[in-house]
Amino acid sequence: MSYEYIKYGQEEKDFIEKIEEISGQNIYSCYQCGKCSAGCAFSNKMDKTVNQLIHLIQMGQKEKVTSANTHWICASCLTCTIRCPREIDVAALMEAVREYILREEPERVKIADIPKDDLEKLPNIALVGNFRKMTG
Amino acid sequence: MVKYSYFPGCNLKTDARGFEKSAIAVSKRLESELVEIPNWNCCGTVHTMTTDNLMKRIAPVRVLARSRKHVGELNDANNQVVTLCSMCNSTLKIVEKEVREDEEKLKVINYQLEEDEEEYSNDMEVKHYLEILRDKIGFEKVASAVVKPLKGLKLSPYYGCMLLHPEEAKIDDEEMPSVLEDLIESLGAEVVFSPLFKYCCGSYHIVEEKDIVTHQVLKIVQAAIDRGANALVVACPLCAYNLDQQQKMYMETTGRKNILPIFYFSQLMAVAMGEPLEINHFEDHKIDPRRLLKELKLEG
């Protein structure tokens, strides 16, 4: 078994505080049962499962959190939120990570890059929903 | 005739016009008319889960304020705004609860509405039309309005996420709902249970990650086919689009034959109650449900 030494200083604490502020959740409520990841319809497409991402937030590991694809794959179906035994709004944590990134880099999806054909065919509900989640 | 202030939302005027037209037609038959709010705006589609962004909450509160005004103009209406789209239902319900519990939030939002001489004062209730059908009209009345029982249709209800999540917005038990099942039975069709009844379809990822949606859709459809369904029933225009479009795409690229047509619950009601078939706008669907209806002699 190998160990990894992590840094835990002011920068890490600030990151945790910001995620808690945006989401309104106490990140330390999570005791890592894994129910969110077990019931997630998209776990197989995430490079870190939902509970792994929460663990990284608990340790303030900003780089590892923001470089994961977990929060981008999350489609806000809220299954994790209604099932969490600690009553954490897990989906709000995913949203907080998205927002944290989007407030610095507001274009995860570049509207200009979407094919014109798609823009014409896709229903409003998909476009508006996507832009609300993927742009700042 | 009871009247309800009805909020359509953007998709019911475009891709899902058959959903709206069929629902309005059956609502008249059931003596509980859905009357559209004049001058409505988009609710914002997906609800923001951030605590510090009131901007994204202005649109839904404006909808509530306009609906309140509309209710005052209707005879025989109560303080309820009714939606058909499950996404609108969820967004409006969540925000309604948020501003009811946080006066400070409402005050700031009302300050934004002042410009249009509008104000919201926490006196509306948001209802999905399925709740009206279950709690106000009753499925017995629905059953008595049926002139053509939907014999031969084996329907698997697909709730999607937003009818059942989160706690503030759910219209039924989040893990074992029954409202669509009860409706289907009252129309004389057979209910086929699928365990993936609320397995997320991929939602807005259809814009930038289509493969995710395709993967979800194939699983949802296959689960229903394996249990003997010949169609899916939905209440969300985005679920409907994803299920319909990605099945068609997959069929065209791989030659897959196992596909299921998608019905909005109100379209099934309209067919069973003998409304003209045209109001359902089945021609908008990517997989034409009329083939199945013809096969089962339910078309005319």
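Helices, of at least four residues, and strands, of at least two, are DSSP runs numbered from the N terminus. The model described here is predicted.

In chain B, the loop between strand E5 (154-157) and helix H7 (179-186) holds B:Pro166. A cis peptide bond joins B:His165 to this proline, with omega at about -15°. Most peptide bonds are trans, and most residues other than glycine have a negative phi. Two residues that are not glycine have a positive phi, as set out below.

| Residue | Phi | Place | Other C-beta atoms within 10 Å |
|---|---|---|---|
| A:Glu87 | about 55° | loop between helix H6 (79-83) and H7 of chain A | 12 |
| B:Lys297 | near 55° | segment after helix H11 (290-295) of chain B | 10 |

A residue counts as exposed if 12 or fewer other C-beta atoms lie within 10 Å of its own. A:Glu87 is therefore exposed, and B:Lys297 is exposed as well.

Chain B is divided into domain 1 (2-130) and domain 2 (137-295). Taken over C-alpha atoms, the centres of these domains of chain B are separated by 24 Å. Their contact involves 25 residues of domain 1 and 29 residues of domain 2. On the domain 1 side, helix H1 (17-29) and helix H3 (86-101) of chain B are the elements that give two or more residues. H1(B) gives the most, with nine residues. By kind, the residues on this side comprise 11 nonpolar, eight polar and six charged.

The largest nonpolar core has 128 residues, and B:Leu232, B:Val233 and B:Val234 have the most contacts inside it. Helix H7 (residues 90-102) of chain A supplies the largest share of this core, seven residues. Leaving aside neighbours within four places in sequence, the contacts of B:Leu232 include B:Ser156, B:Tyr158 and B:Ile262.

Key
Residues numbered from 1 in each chain as written. Chains lettered and ligands numbered in written order. Predicted model: local features only at pLDDT ≥ 70, side-chain atom pairs only at ≥ 80, totals over all residues. Domains from an automatic or database assignment. Contact = placed C-beta atoms within 7 Å. Nonpolar A, V, L, I, M, F, W, Y, C, P; charged D, E, K, R; others polar. Core = buried A, V, L, I, M, F, W, Y, C linked by C-beta atoms within 7 Å. Buried ≥ 20, exposed ≤ 12 C-beta atoms within 10 Å, placed from the backbone.
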